[in-house]
Amino acid sequence: MEAPPENAGVRPAPVGGGLMAPATQLERCVTGIEGLDNILSGGIPRGNMVLVAGSVGTGKTTLCLEFLVRGAERGERSLFLSVTEASDKLIQNLSTFEFFRAELVTNGSLVFVDLPVLYDRLGLEHEELTEEEIGILIRTIRDLVRQLGVKRLVLDSLTSVGYRIRRDERIRDFMLRLGLELSDAGCTALLVSEIGPTPSRYSLHGVEEAIVDGVILLWNARRQGDILRVLQIIKMRGTSHSQAQYVVELTPIGLLMAPHLKGGQGEGQ
Ligand SMILES: Nc1ncnc2c1ncn2[C@@H]1O[C@H](COP(=O)(O)OP(=O)(O)OP(=O)(O)O)[C@@H](O)[C@H]1O
Ligand SMILES: [Mg+2]
């Protein structure tokens, strides 16, 4: 991937500050990931649907899981819709992080649903989902969100769903309808997008990034033989935000972020 435009020196805008700050601040979904909240001027505007795009192993799932755990801790019911990894394995992996407590799962604050199981139960059997089947999927997610009072949702991954919604106009329609349902319910969503190391876009079909309210990009940068995970907010509707690049570290206490100091040799992706 071409390195996103450099914005060295761009500082996180203070809450309520900056030329682009709206007169009325939108309610925030405080992610609970301190570094991320700082560069988002306090959090993701509530109800936003955000793409978390990155190549393999860049930390997409870990970021999304921490977002949900931090939300559940704050009393916001959180739902993880998993396509690529089984829930049991995800919970096992989560238990290695210090910020995770198993009670969040047992008391229903943090809910995991395996989408392949849901597909089976709903009888969504066509390799390429029909319009009717897409409608069933949206209504099922909507009902889950409404019935459980879900305030944070993760779909890991939108790409996997996108492989079964093959036409651009259908993925556009799916996302527009899902986005409306979620924002009506005051639910903030992260949709994982798997992209290659040198992509020319942020999603499978290329239409997804235009529809979502935000794009958080993760990639691997190489510096003197080491791999650094780097994060950048490409867009986030409804708030001012930093456009700078940040080095991300996945630690037992959660995701830590520091400004990406550039100018080293061998930087790239
Ligand atoms: N429990 C953990 N403790 C420490 N580091 C971890 C832990 N879980 C994941 N990591 C680190 O994060 C990396 C991948 O994280 P993650 O699974 O979130 O990435 P991803 O972008 O979702 O990957 P994929 O594209 O394969 O789904 C691992 O390779 C490892 O370096
Ligand atoms: Mg993942």
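Among contacts in the protein between residues at least 6 apart in sequence, 73% join residues at least 24 apart. The model is predicted, and its pLDDT averages 89, with 88% of the residues scoring at least 70. Two stretches fall under 50 in pLDDT. One is residues 1-19, for which the model has 30 contacts beyond four places in sequence. The other is residues 265-269, where 17 contacts are found beyond near neighbours in sequence. Where pLDDT is low, predicted coordinates should not be read in detail. The protein comprises 269 residues, of which 41% count as buried, and its secondary structure amounts to nine helices and eleven strands.

Nine strands form an open sheet with mixed pairing, in the order E5-E4-E6-E7-E3-E8-E9-E10-E11. The edges are occupied by strand E5 (110-114) and strand E11 (254-259); each has a single partner strand, so one side of each is left without a neighbour in the sheet. On average, and with direction ignored, neighbouring strands of this sheet are turned by 25 degrees against each other. Strands of a sheet pair through backbone hydrogen bonds, in either a parallel or an antiparallel arrangement; both arrangements are illustrated below.

Strand E6 (152-156) pairs with E4 and with E7. E4 and E6 run parallel and are joined by five bridges; across this pairing, Phe 80 has Val 154 in E6 as its bridge partner. On E6 and strand E7 (residues 188-194), which also run parallel, the number of bridges is four, and Leu 155 has Leu 191 in E7 as its bridge partner. Five of the five residues of E6 are buried, so the strand is largely enclosed by the rest of the structure. The side chains alternate in direction: Arg 152, Val 154 and Asp 156 point one way from E6, whereas Leu 153 and Leu 155 point the other way, and all are buried.A cis peptide bond, with omega of about 15 degrees, joins Asp 156 and Ser 157. Ser 157 is found in the loop between strand E6 and helix H7 (158-164), and Asp 156 is among the buried residues of E6.

Antiparallel pairing is seen between E8 and E9, which are joined by ten bridges. In this part of the sheet, Leu 218 stands opposite Leu 231 in E9. The loop between strand E8 (214-223) and strand E9 (226-236) contains Gln 224. Gln 224 has a positive phi of about 45 degrees although it is not a glycine. With 8 C-beta neighbours inside 10 Å, Gln 224 counts as exposed.

A positive phi is also found at Ser 41, with a value of about 55 degrees, although this residue is not a glycine. Ser 41 is found in the loop between helix H1 (34-39) and strand E2 (44-45). Ser 41 has 23 C-beta neighbours inside 10 Å and therefore counts as buried.

At the E5 end of the sheet order, helix H5 (residues 115-122) lies across strand E4 (78-82) and E5, and runs at about 60 degrees to E5. Leu 118 lies in this helix, H5. With 17 other C-beta atoms within 10 Å, Leu 118 is partly exposed. Leaving aside neighbours within four places in sequence, Leu 118 is in contact with Val 113 and Thr 140. Leu 118 and Ile 141 are 23 residues apart along the chain, and their C-alpha atoms are separated by 10.0 Å.

Ligand 1 is surrounded by 13 residues, of which the closest are Val 56, Lys 60, Thr 61, Thr 62 and Thr 96. Helix H2 (residues 60-73) contributes three residues, the largest share of this shell. By residue class, the shell around ligand 1 divides into three nonpolar, eight polar and two charged residues.

Key: Residues numbered from 1 in each chain as written. Chains lettered and ligands numbered in written order. Predicted model: local features only at pLDDT ≥ 70, side-chain atom pairs only at ≥ 80, totals over all residues. Near = placed C-beta within 6 Å. Helix = DSSP H or I, 4+ residues; strand = E, 2+ residues; numbered from the N terminus. Nonpolar A, V, L, I, M, F, W, Y, C, P; charged D, E, K, R; others polar. Buried ≥ 20, exposed ≤ 12 C-beta atoms within 10 Å, placed from the backbone. Contact = placed C-beta atoms within 7 Å. Pairing = 2+ DSSP bridges. Axes fitted to C-alpha atoms, helices over the stretch in contact; angles between N-to-C directions. pLDDT = per-residue confidence, 0-100.
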